[in-house]
Amino acid sequence: MSHDPDPERLKALEERLDALKGREKKVSGGMGGVGGGELAWRMVLELVTGMGLGLGLGYGLDSLFGTKPVLMIIFVLLGFAAGIRTMLRTASELGKKAGGNPDNEMRD
């Protein structure tokens, strides 16, 4: 007795696999294969970039006005705040693309 695969069962299995693959895309935010690690690095880079720009701008203005390190500290803090704001905006966009409303999930 040979066990030939049943075409109907194989077709049902393929449909279930396709449905699971579609569900995986929704869970990953529909970002076309972008994983959580890559999104985390993106957010870290946004924060570091904001702080780096604040540091550079503050240092340059301190050198220009001779007020070291007052403006540098102020602009690093402003860069940190801008980086956090950018990270939150990115997280909000990812939440919208995933189809969830983060505000509603927090209330439940």
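Which element of the protein chain has the lowest mean pLDDT, and which the highest? In this predicted model, helix H4, covering residues 102-107, has the lowest mean pLDDT, at 52, while H2 has the highest, at 93. For the protein chain, the mean pLDDT is 83, and 79% of the residues reach 70 or more.

A good place to start is helix H3, which runs over residues 70-98. With 29 residues at 1.5 Å each, H3 should span 42 Å, and its end C-alpha atoms do lie 42 Å apart, so expectation and model agree. Both flanks of the helix are worth a look. Ahead of H3, Pro-69 sits in the loop that links H2 and H3, and the peptide bond leading into Pro-69 from Lys-68 is cis, with omega near -10 degrees. On the other side, H3 is followed by Gly-99, which has a positive phi, near 95 degrees.

The buried positions of H3 come next. Gly-79, Gly-83, Thr-90, Leu-94 and Gly-95 are buried, and the buried residues of this helix pack against helix H2, residues 36-65. In an α-helix, residues three or four places apart point the same way, because there are 3.6 residues a turn.

Thr-90, one of the buried residues of H3, gives a closer view of this packing. Its relative accessible area is 5%, and because buried means under 20%, Thr-90 counts as buried. Leaving aside residues up to four places away in sequence, Thr-90 touches Arg-42, Met-43 and Glu-46.

Conventions
Residues are numbered from 1 along each chain as its sequence is written. This is a predicted model: local features need pLDDT of at least 70, side-chain atom pairs count only at pLDDT 80 or more; totals for chains, interfaces and linings use all residues. Side-chain values use heavy atoms; hydrogens and water are left out. Helices (H or I, at least four residues) and strands (E, at least two) are DSSP runs, numbered from the N terminus. The expected span of a helix is 1.5 Å times one less than its number of residues. Buried means under 20% relative accessible area, exposed over 50%, partly exposed in between (1.4 Å probe, protein chains only). Contact means heavy atoms within 4.5 Å. pLDDT is the predictor's confidence in each residue, from 0 to 100.
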